[in-house]
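The following report describes one protein chain, moving between local detail and the wider fold. It is meant to be read beside the sequence and the coordinates.

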Amino acid sequence: MKQYYSRSEKRMKCDWANLEALPLSLILDKLKEHVEHVWFSAVCKNWQSIAKLNHQNHEFKPNTLPMLMLPSNSVWKQANTFSFIEMKQYPFRYQLCHNNPTVSVCGSSHGWLALLDVSKSVITLMNPFKDTPRIILPPLNSVNKVTLSADPIANPDDYLVVAIYDGGGGNLAFIRRGQTVWTYVDTSKSSFIDVIFYKGMLFALNIRDKIVSFDIHRLNDSYDKVRTITPNVVLEEKIGKCYGGDKYLVKSLKEELWMVRRCNRRLSRFHVCKLKLNVKSGKLEQMVKLTSLEDDILFLGAGDSVSTSRSYFSNSLLRDSIYFADGFKIYHVKTETAKHHCLYQKSPFWVMPHL
């Protein structure tokens, strides 16, 4: 006798865990928020493998949005994620540390957070999205920002950690995986406020528009003594009248190095400049002020700054716009105007998880 199933019974018999790659990829392609990609990969191993495969595809990376992460209370014990598209906070919380009021977040890079215990000057790297051991770094005083050259999970034996430390002094130090002491960068009157890894080089920008760089591949990996190195000066003189510490380095979708700097104290006006570097000397050949970001949308903040494709998110992102994590400010480059959305008190971070 032929057996018939109702529509609801047929749905129940669907083997969701073992769906083929094509329908899963189509589902993943419809998810705009990066937190949704994280939830997608948490369904089962099959779904996680599809998400990981898509994220390894170079064409897919510009088509993902960073997550806005902010503390769930007055201290960084737990963190929430906020949807700047839907303007709502997701209920899921990420456990960062125990109830320690001396711990704060001092960096967001490659999906990892850098936690600073001010009482001990100890930096701990942790990945809130994966069950992986934390990485404890040697003590460093008054750390402002930490960034990574690569994901320690994908590159467990070859990654570099760079820190801006010494409070307002803004000095630079770095340490390779496996080393036990920091290497210090010899710079006078540093005041560095941002760093970025770009084409095998480390670039650092200070409050007076000075830019320095050095080749990270020429450093001795096995060196385990305290030492100081001298970087290459890319740009020395100050350009124009810029104010405060609102300056950022970011890589565009076309693999160009851009600098964003505040150029008006009262009106919070920003300029975006493309830096053209000499391939051999590493010196700056030309700085071009951009009047349009074309397809790039910038996400800037205290963590790593990122760029994503506006055309892929045409219904969600504003053309020629910069999204600042601090206070969630949206700045329009062409009109030189900004809209503020003060949703919280503590400074959040843009986070781009690696699945």
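## Two loop residues with positive phi

K199 lies in the loop between strand 12 (192-198) and strand 13 (201-206). The model is a predicted one, and in it the phi angle of K199 is near 50°, a positive value in a residue other than glycine. K199 counts as exposed because its relative accessibility is 64%, where the cut-off for exposed is over 50%.

D209 belongs to the loop between strand 13 and strand 14 (211-215), and its phi angle is near 70°, again a positive value in a residue that is not glycine. Is D209 buried or exposed? With a relative accessibility of 0%, D209 counts as buried, the limit for that class being under 20%.

## The sheet around these loops

Strands 12, 13, 14 and 16 form an open sheet of 4 strands, in the order 12-13-14-16 and with antiparallel pairing. Its edges are strand 12 and strand 16 (232-235), each of which pairs on one side only. On average, neighbouring strands of this sheet are turned by 25° against each other when direction is ignored.

Within this sheet, strand 14 and strand 16 are joined in the antiparallel sense over 3 bridges. V212 has V233 as its bridge partner in strand 16.

## The chain as a whole

The chain has 355 residues, of which 51% are buried, and its secondary structure comes to 4 helices and 26 strands. Of the contacts between residues at least 6 apart in sequence, 46% join residues that are at least 24 apart. The chain exposes about 18,300 Å², and carbon and sulfur atoms supply 50% of that area.

## The largest nonpolar core

The largest nonpolar core holds 20 residues, and the members that touch the most others are I123, L125, V143, V146, V161 and W182. Two or more residues are given to this core by each of strand 5 (112-117), strand 6 (122-126), strand 7 (135-137), strand 8 (145-148), strand 9 (160-165) and strand 10 (171-176). Apart from it there is another core, made up of 17 residues, among them V35, Y90, Y94 and C97.

Which residues does L125 contact once its neighbours within four places in sequence are left aside? They are W112, L113, A114, R134, I135, L137, V146, L148 and V161, and of these V146 and V161 are themselves listed among the core members with the most contacts to other members.

## Strands 4 to 7

A further open sheet consists of 4 strands in the order 4-5-6-7, paired in the antiparallel sense. Strand 4 (103-109) and strand 7 are the edge strands, each pairing on one side only, and the twist from one strand to the next averages 25°.

Strand 5 and strand 6 pair in the antiparallel sense over 5 bridges, and L116 stands opposite I123 in strand 6. I123 is also one of the residues that touch the most other members of the largest nonpolar core.

## Strand 9 and its partners

Strand 9 is mostly covered, with 6 of its 6 residues buried. L160, V162 and I164 point one way from the strand, whereas V161, A163 and Y165 point the other way, and all are buried.

Strand 9 is joined to strand 8 by 4 bridges, the two running antiparallel, and to strand 10 by 6 bridges, also with antiparallel strands. V161 takes part in both pairings: it is the bridge partner of L148 in the first case, and its own partner in strand 10 is I175.

## Helix 3 and strand 2

Helix 3 (residues 34-41) is largely enclosed by the rest of the structure, because 6 of its 8 residues are buried. The buried residues are H34, V35, H37, V38, F40 and S41, and V35 in this group also belongs to the core of 17 residues.

Strand 2 (residues 78-83) is likewise largely enclosed by the rest of the structure, since 5 of its 6 residues are buried. Strand 1 (residues 67-71) runs antiparallel to strand 2, and 4 bridges join the two. In this pairing, P71 stands opposite A79 in strand 2.

Notes:
Residues numbered from 1 in each chain as written. Predicted model: local features only at pLDDT ≥ 70, side-chain atom pairs only at ≥ 80, totals over all residues. Heavy atoms only, no water. Buried < 20%, exposed > 50% of the residue type's maximum accessible area, 1.4 Å probe, protein only. Core = buried A, V, L, I, M, F, W, Y, C linked by side-chain atoms within 4.5 Å. Contact = heavy atoms within 4.5 Å. Pairing = 2+ DSSP bridges. Axes fitted to C-alpha atoms, helices over the stretch in contact; angles between N-to-C directions. Areas by Shrake-Rupley, 256 points an atom, 1.4 Å probe, with all protein chains shown as cover.
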